Amino acid sequence: MSSEQTHVIVGAGMAGAKAAETLREEGFDGRIVLIGAEQERPYDRPPLSKGYLLGDQDRDSVFLHPLNWYGDNHVELLTGRRVSHLDRAAHEVELAGGERIGYTKALLATGSSPRRLKVDGSDLDGVHYLRRFPQSDDLRTAFATGGRVVVVGAGWIGLETAAAARKAGCEVTVVEPAASPLSVALGPEMGAFFGDVHRRHGVDVRLGVGVTGFKGAGKLAAVATDAGDIPADIVVVGIGARPNTELAEDAGLTVDNGVHVDSALRTEDPDVLAAGDIASVPNSRYGQRIRVEHWQNAVDSGPAAAKSMLGQDVVYDQIPYFFTDQYDLGMEFAGWFAPGGYDRVVTRGDVEGQAFHAFWLAGDQVVAGMHVNLWDDGIGPVQELIRSGKTVDAARLADPDTPIA
């Protein structure tokens, strides 16, 4: 290494690892320090609730780079280390225990953590959350023993773990206080579709039901709800995630549903950037700041932040993207809308047969769209339609004989 510059990346998830990779690809020859709180080297999180949890992927396939990649590329990977303080004045990060590392540029990519359900019995054996490798391992083991599984929350994590539990042969109940699954992510129309998919696979989906506690003597025995108790051997709580913004807040950076950055992913301190789950980014397409917790955002924003650290012109204005696999259903979604931020949903294709497109329209513009099991078309034409900002004829949009392009 020949440069005297040091770029420190706090957070060794997808965004942080991709940033380190991009710094080297773009020719940065200074010191790179990648710091992760987990003991594992950087890995891909979607398989934890999909292929790895289902047993379709082995452990090695989930890591982002071979172990020797970090040494070969002169990336100092510090695992099992937590950054306790960001000293902007001194241009240093402080690790738990007091060690300090100076930086020229710092990237915060600290990700998010599961929201905790604060009810009696939360510490009982058998209550699970899913974010990290060991938690997915624990769930694989628990599902393999069979039994009664209650999933609290019908969001993406909840529904994907419900599908994994059913594949393992467990009896599964999903409890959701909203009137439909995925009500925030997809709205009631397509949320109801996913609820029906799970019912067809034998899941007891209970909507409009809130959890009031967990019962048992050391070991979970039942989930208490406002509609009565549900016997349970295993509980998976999937009620959303919160961004890990404590480090940014402590450093005096602007935080409001994420760390505020500009379109180049810089905070108000030009030497401190943020990417991934924690970054609240102005989006010209949607006319407001948005924060995206999905995998593709980490894949895209990590490299964008790295280029910004190197002084390149960066405008990060991506269309959010998400995918899911549940049973025999594969789906890709692109776009974004606030709750109530669309007027109608238009579908084309065979909804009942799980082979269709859906489009969310605000006025006559498509703000989001998805496909289910239509891999020949894929999500690309939908993304182009959103990017174009063009007005559409809803009748033609619904017509399978009219190409989306």
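By the rule used here, the count comes to 24 salt bridges, a salt bridge being a side-chain nitrogen of Lys or Arg within 4 Å of a carboxyl oxygen of Asp or Glu. This is a predicted model, so local features need pLDDT of at least 70 and side-chain atom pairs count only at pLDDT 80 or more, while totals for chains, interfaces and linings use all residues. Residues are numbered from 1 along each chain as its sequence is written, and side-chain values use heavy atoms, with hydrogens and water left out.

Here are three of the pairs.

| Salt bridge | Closest N to O |
|---|---|
| Arg45 and Glu38 | 2.7 Å |
| Glu99 and Arg81 | 2.9 Å |
| Arg100 and Glu94 | 3.1 Å |

For accessibility, buried means under 20% relative accessible area, exposed over 50%, and partly exposed in between (1.4 Å probe, protein chains only). In the pair of Arg45 and Glu38, Arg45 is partly exposed at 24%, whereas Glu38 is buried at 13%.

Let's turn to the pair of Glu99 and Arg81. Glu99 sits in the loop between strand E5 (92–95) and strand E6 (100–102), and Arg81 in the loop between strand E3 (75–78) and strand E4 (83–87), so this salt bridge ties together parts that are 18 residues apart in sequence. Strands here are DSSP runs (E, at least two residues) and helices likewise (H or I, at least four), numbered from the N terminus. Glu99 is partly exposed at 40%, and Arg81 is partly exposed at 28%.

Arg100 and Glu94 pair as well; Arg100 has a relative accessibility of 36% and Glu94 one of 22%. Through shared partners, salt bridges join Asp87, Glu92, Glu94 and Arg100 into one network.

Now for the domains. An automatic or database assignment gives domain 1 (2–113 + 241–310), domain 2 (116–237) and domain 3 (328–398). The C-alpha centres of domain 2 and domain 3 lie 28 Å apart. Their contact (heavy atoms within 4.5 Å) takes 13 residues from domain 2 and 16 residues from domain 3.

What area is buried between domain 2 and domain 3? The value is about 1100 Å², with carbon and sulfur atoms giving 72% of that area; buried area is the accessible area (1.4 Å probe) that two parts lose on being put together, summed over both. Leu186, Met190 and Phe193 supply 44% of what domain 2 buries against domain 3, more than any other three residues. Across this interface of domain 2 and domain 3 the rule finds zero salt bridges. Helix H6 (residues 183–200) gives the most to the side of domain 2 that touches domain 3, with eleven residues.
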